[in-house]
Amino acid sequence: MLSRRLFDTCDDFDVIPASLSSLRFDSTPVKANDLMSMMTPNIKRSLFPDEDEDSGLGMDDHITYTPSLKKSAKRQRTEDGNSTCSKRPKTCTDIKAVVTKLEENDDFIADGSRLHTLPTVTGKHADLKSITSQTLTDVLNGDYDDVISDYKIIDCRYPYEFEGGHIRGAENMYLHETILTLLREPTKDKQIIIFHCEFSSERGPKMLRFLRSKDRELNKENYPSLNFPEVYLLDNGYKAFFNEQPNLCDPVSYRPMLHSDHSEDLRHFRVKSKSWTAGEKRRYAKRSMRF
């Protein structure tokens, strides 16, 4: 029925205009032209957009568009055919230049503004920039203070591992929700973040990618800007660092994830991490179902 096609398919029609509510759809059918004549211009535009727009009402086979609407649609197609870059050439050119720069030279940081400050090595994860334990030692000793304004070391191991020995000044963040707190902090120019876990093979890389993904999402209107464009992964993780620089660990100790005295802790923190991730997936699925 026409009434159902007009109103049942759109959640936004909470109030029916008086001109339409007076019509009786259960009696003599109303002709399309009579219906159109009773609508205000605003109602016509909202119900019957130009033919190149997706209204979702499925009215094409019931009402013939007027010549004026066809002409408008033709103009719209002509405008759509023109590149949006012609209206804002500087913005489009800048984004294209940055993308090209990042594709041609991966030595640039993620916003394309400058080269990486720290020397990198080829690690286990080709998509991430890795640094050695010696480079991190140089950062801790202040050798890069003239070129970086601030640094954070994010230890993604579980709390019992962190308490059993960690890099001096590191922060323990093993949950995704704690990583999100970084994006709420004031940003500084030339600041860097260094992620790691026990071996930097799983937990550390995952948290790094999560931060980058949320950072891109937060700054999607200002691409390629990022809160943290320069992020690194400590190659081979805490174990390698402890073996090379135990004097820079507090306490001077190394507690592995699979320590026999912490099997219950391991199960607890694994479940906690997975439950948060599952909750995020459910929330994302609900948001995706909303029109």
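How many of the 291 residues of the protein chain count as buried, in percent? I started my notebook there, and the value came out at 37%. A reminder to myself before going on: this is a predicted model.

**Entry 1: the overall picture**

I went through the secondary structure next and found twelve helices and seven strands in the protein chain. Then I turned to contacts between residues at least 6 apart in sequence; 63% of them join residues at least 24 apart. For the surface, I noted that the chain exposes about 18,100 Å², with carbon and sulfur atoms supplying 51% of that area.

**Entry 2: the nonpolar cores**

I looked up the largest nonpolar core, which holds 19 residues. Leu-118, Leu-136, Ile-167, Ile-194 and Phe-241 are the members that touch the most other members. At least two residues each come from α7 (133–140), β5 (191–196), β6 and α11 (237–244). Of these contributions I marked α11, as it gives the most to this core, with three residues.

I picked Ile-167 for a neighbour list, leaving out residues up to four places away in sequence. Its contacts include Leu-136, Leu-140 and Ile-153, and also Tyr-238, Phe-241 and Leu-248. His-196 and Cys-249 are on the list too. A second, separate core has 17 residues, among them Leu-128, Met-207, Leu-208 and Leu-211.

**Entry 3: helix α10**

Three names from that second core sent me to α10 (203–218). This helix has 16 residues and spans 22 Å from its first C-alpha to its last, close to the 22 Å expected at 1.5 Å a residue. I listed its buried residues: Arg-203, Gly-204, Pro-205, Met-207, Leu-208, Phe-210, Leu-211 and Asp-215.

**Entry 4: Asn-227, after the helix**

I followed the chain into the loop between α10 and β6 (231–234), where Asn-227 sits. Is Asn-227 buried or exposed? It counts as buried, because its relative accessibility is 15%, under the 20% cut-off. Its side chain makes a polar contact with the side chain of Asn-219, at 3.2 Å. Beyond residues up to four places away in sequence, Asn-227 touches Leu-183, Thr-187, Gln-191, Asp-215, Leu-218 and Asn-219.

**Entry 5: cysteines**

How many disulfides does the count come to? I got zero. Why is Cys-156 without such a bond? The closest cysteine sulfur, in Cys-197, is 6.6 Å from that of Cys-156, so the two are too far apart for a bond. Cys-197 is likewise in no disulfide. I checked burial as well: Cys-156 is buried, with a relative accessible area of 2%, and Cys-197 counts as buried at 2% relative accessibility.

**Entry 6: backbone checks**

I looked for cis peptide bonds and wrote down two places. The bond from Tyr-223 to Pro-224 is cis, with omega near 10°, and Pro-224 is in the loop between α10 and β6. Asp-250 and Pro-251 are also joined by a cis peptide bond, with omega about -10°. Pro-251 is in the loop between β7 (249–250) and α12 (263–289).

Positive phi values came last. Ser-200 is not a glycine, yet its phi is about 55°. This serine lies in the loop between β5 and α10 and counts as buried at 2% relative accessibility. Asn-236, not a glycine either, has a positive phi of about 65°. I placed Asn-236 in the loop between β6 and α11, and Asn-236 is partly exposed, with a relative accessible area of 33%.

Technical notes: Residues numbered from 1 in each chain as written. Predicted model: local features only at pLDDT ≥ 70, side-chain atom pairs only at ≥ 80, totals over all residues. Heavy atoms only, no water. Helix = DSSP H or I, 4+ residues; strand = E, 2+ residues; numbered from the N terminus. Buried < 20%, exposed > 50% of the residue type's maximum accessible area, 1.4 Å probe, protein only. Polar contact = N/O pair within 3.5 Å; in protein donor to acceptor, adjacent residues only side chain to side chain. Contact = heavy atoms within 4.5 Å. Core = buried A, V, L, I, M, F, W, Y, C linked by side-chain atoms within 4.5 Å. Disulfide = S-S within 2.5 Å. Areas by Shrake-Rupley, 256 points an atom, 1.4 Å probe, with all protein chains shown as cover. Expected span 1.5 Å × (residues − 1).
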